[in-house]
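Visitor: I am new to reading protein models, and I would like a close look at a single part of this one. Could you take me through the loop that you find worth a slow reading, and set it against the whole chain?

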Amino acid sequence: KKCWKIVEFDELVKMLRQKCIQLFDVREREEVRETGMIPRSVNIPRKYVTTSMIINAYNESYLQNRAC
């Protein structure tokens, strides 16, 4: 089953409000400090992210709590 989907901004906002997804912000911490957090996102700087981390987080937070 496909785990990834490209969405338009409006659809992303809707999904975040409905708590259908978990958004991972992979910007560096300095950039987040300069520009601010993305509401309802989890910041994990890209250099610390592995594919398996994303898949595991997706499976735990999205598939088990899928409301949409």
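Guide: Of the 68 residues of the chain, 22% count as buried, and this figure, like every other one here, belongs to a predicted model. The chain exposes about 5700 Å², and carbon and sulfur atoms supply 54% of that area. Its secondary structure comes to three helices and two strands, which follow one another from the N terminus in the order α-β-α-β-α. Among the contacts in the chain with a separation of 6 or more, 19% are between residues 24 or more positions apart.

The part to look at slowly is the loop between strand S1 (23-25) and helix H2 (29-35), where Val 26 is found. Arg 27 is found in this loop between S1 and H2 as well.

Begin with Val 26, whose relative accessibility is 35%, so that Val 26 counts as partly exposed. If you leave aside the neighbours within four places in sequence, Val 26 is in contact with Ile 44, Pro 45, Arg 46 and Val 49. You can also compare sequence with space here, since Val 26 and Ser 41 stand 15 residues apart in sequence, while their C-alpha atoms are 9.8 Å apart.

Now move to Arg 27, which counts as buried because its relative accessibility is 18%, and the cut-off for buried is under 20%. Its side chain takes part in a polar contact of 2.6 Å with the side chain of Thr 35. A polar atom of the Arg 27 side chain also lies 2.9 Å from the backbone oxygen of Gly 36. Both Thr 35 and Gly 36 appear again among the residues that Arg 27 contacts once its neighbours within four places in sequence are left aside, and that list also holds Val 32, Met 37, Ile 38, Asn 43 and Pro 45. Pro 45 is thus a residue to find on your screen, for Val 26 is in contact with Pro 45, and Arg 27 is in contact with Pro 45 too.

For a contrast, follow the chain to Arg 40, which is found in the loop between H2 and strand S2 (41-43). Arg 40 has a relative accessible area of 51% and is therefore exposed, whereas Arg 27 counts as buried. The backbone of Arg 40 deserves a look as well, since Arg 40 has a positive phi of about 65° although it is not a glycine.

Technical notes:
Residues numbered from 1 in each chain as written. Predicted model: local features only at pLDDT ≥ 70, side-chain atom pairs only at ≥ 80, totals over all residues. Heavy atoms only, no water. Helix = DSSP H or I, 4+ residues; strand = E, 2+ residues; numbered from the N terminus. Buried < 20%, exposed > 50% of the residue type's maximum accessible area, 1.4 Å probe, protein only. Contact = heavy atoms within 4.5 Å. Polar contact = N/O pair within 3.5 Å; in protein donor to acceptor, adjacent residues only side chain to side chain. Areas by Shrake-Rupley, 256 points an atom, 1.4 Å probe, with all protein chains shown as cover.
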